[in-house]
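Student: Could you walk me closely through one part of this model, the N-terminal domain, and then show me how the rest of the chain fits around the picture? I'd like the sheet and its helices before anything else.

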Amino acid sequence: MRFGVISTAKIAREDVIPGIQKSDHTVAAISSRDRDRASEVAETLGIDSAFGDYEAMFADADIDAVYNPLPNALHAEWSQRAADHGLDVLCEKPLAVDTAEAADLFDYCADQGVALMEAFMYQFHPRTQRAREIVETELGEIHTVDASFKFPLDDPDNIRLDPELAGGSLMDVGCYAVSAARGFLGEPDRAFAHARDSWDSGVDTNLSGVLSYDDGRVASISCGFDGPDRDYYRVETDDGWLEAPNCFGPEHDQSVSLTYSVDGREVTETFDPVDHYQLQVEAFAEAVENGETPPIDRTETLGNMRAMDALARSADAGEPVDVAQPE
């Protein structure tokens, strides 16, 4: 599969493009609003073609698919424009600004006959898959899940702080914590959250919330741009627990581990370094080439967006809210 990349965003330059290039697939073109910048990145990373216009790349580059790492508020628009050219789309998380926009985007891409997948790379790491397997087969009934993703942000002009671009910690990193919790517990029934705007930016810079279930299970979610790095999930069950540190963003050359305890027996499993961006691209491309639905599908993406929407609504309202259910 030949990819065209929209923008020279850091995640594209440092993570996804190298991941594609390690696979059997290629990055054939890159585009930016600044043609010189696109050319510079193309030369540095060994990309054949550079464009100063996204539409021009869609129309003129020899590509099969587009990777879209634009700011959140531009995901839907430019994914649709790629779809207009018959290009499959791998789009950064969160796929859209809310559930309704995400659903519309899936419908649009289906009408255009192209594949669409939200890029949640951590789901393709073998540790993530093993953690879910252990909880399902080795541990008992889940009581609680605690998931957190935080990092210090020190740039007041960062796009993550721009409400016009759908910024905020929930959208940027909280989506990972919500995804992890749902991966163990399924779809929640209610949400209750508190948010703080420590930068007076118009977006949440810290958010803490609870996703609750009618059967009494609970997930605690936290995310933010203040304070030290914090990146983990922990699952508590009636006979033990499982915990994974540095679970969302390990480097491709970094070994990682998880630890679980069941009936007093504690086990640590270690995983060799892998590039989960590469694994993500390979899974996406394989599904497209086989005419299959990509592994992070409409149901998964809309489930995550519904929970995120509910947390945001609750934070605004200052009271618990119901999580919208699939139609």
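Tutor: Sure, and keep in mind that this is a predicted model. The stretch you want is residues 1-119, which UniProt, in an unreviewed entry, lists as "domain: Gfo/Idh/MocA-like oxidoreductase N-terminal". Over those residues the chain is 46% helix and 23% strand, and the end C-alpha atoms sit 16 Å apart.

Start with the sheet. Six strands make it up, open, with parallel pairing and the order β3-β2-β1-β4-β5-β6. At its edges are β3 (49-51) and β6 (116-119), each of which pairs on one side only. Neighbouring strands are turned against each other by 25 degrees on average, ignoring direction. As a reminder, strands of a sheet pair through backbone hydrogen bonds, either parallel or antiparallel.

Now go to the β3 edge. Strand β2 (residues 26-31) pairs with β3 in the parallel sense, over three bridges. One spot to find on screen is Ser-31, whose bridge partner in β3 is Phe-51. Helix α2 (residues 35-45) packs on the sheet here, touching β2 and β3, and its direction makes about 160 degrees with that of β3.

Then look at the strands from β1 to β6. Helix α8 (residues 276-289) lies across β1 (2-6), β4 (65-68), β5 (88-92) and β6, running at about 155 degrees to β5. Its residue numbers, 276-289, put α8 outside the 1-119 range that UniProt lists for the N-terminal domain.

Two loops that follow these strands deserve a zoom. In the loop between β1 and α1 (10-22) you'll find Ser-7, with phi near 85 degrees, a positive value in a residue other than glycine. Pro-94 has its place in the loop between β5 and α5 (99-112), and the peptide bond from Lys-93 to Pro-94 is cis, with omega near -20 degrees. Both are worth a look because most residues other than glycine have a negative phi, and most peptide bonds are trans.

Next, the rest of the chain. UniProt's annotation "domain: GFO/IDH/MocA-like oxidoreductase", also from an unreviewed entry, covers residues 129-242. Over that range the chain is 23% helix and 36% strand, with the end C-alpha atoms 13 Å apart.

Some of the second largest pocket's lining comes from that range too. The pocket holds about 270 Å³ of space and is lined by 15 residues, with Gly-167, Leu-170, Met-171, Asp-204 and Ala-312 lying nearest its centre. Helices α7 (169-185) and α9 (298-317) each supply at least two residues of the lining, and α9 gives the most, with five. By type, the lining divides into ten nonpolar, two polar and three charged residues.

Finally, there's a closed space to find. A search of the whole structure turns up one cavity of 30 Å³ or more, and the largest cavity has a volume of about 40 Å³. Its lining is Glu-187, Pro-188, Gly-303, Arg-306, Val-323, Ala-324, Gln-325 and Pro-326. Those residues divide into four nonpolar, two polar and two charged. Gly-303 and Arg-306 in that lining fall within the 298-317 range of α9, the helix that also gives the most to the lining of the second largest pocket.

Conventions
Residues numbered from 1 in each chain as written. Predicted model: local features only at pLDDT ≥ 70, side-chain atom pairs only at ≥ 80, totals over all residues. Heavy atoms only, no water. UniProt positions renumbered as here; feature names shortened; annotations may be inferred. Helix = DSSP H or I, 4+ residues; strand = E, 2+ residues; numbered from the N terminus. 1 Å grid on protein atoms, 1.4 Å probe; cavity = no way out; pocket = protein on both sides within 12 Å on 5 of 7 lines; lining within 4 Å. Points joined across faces, edges and corners; volume = space filled by probe spheres on them. Nonpolar A, V, L, I, M, F, W, Y, C, P; charged D, E, K, R; others polar. Pairing = 2+ DSSP bridges. Axes fitted to C-alpha atoms, helices over the stretch in contact; angles between N-to-C directions. Contact = heavy atoms within 4.5 Å.
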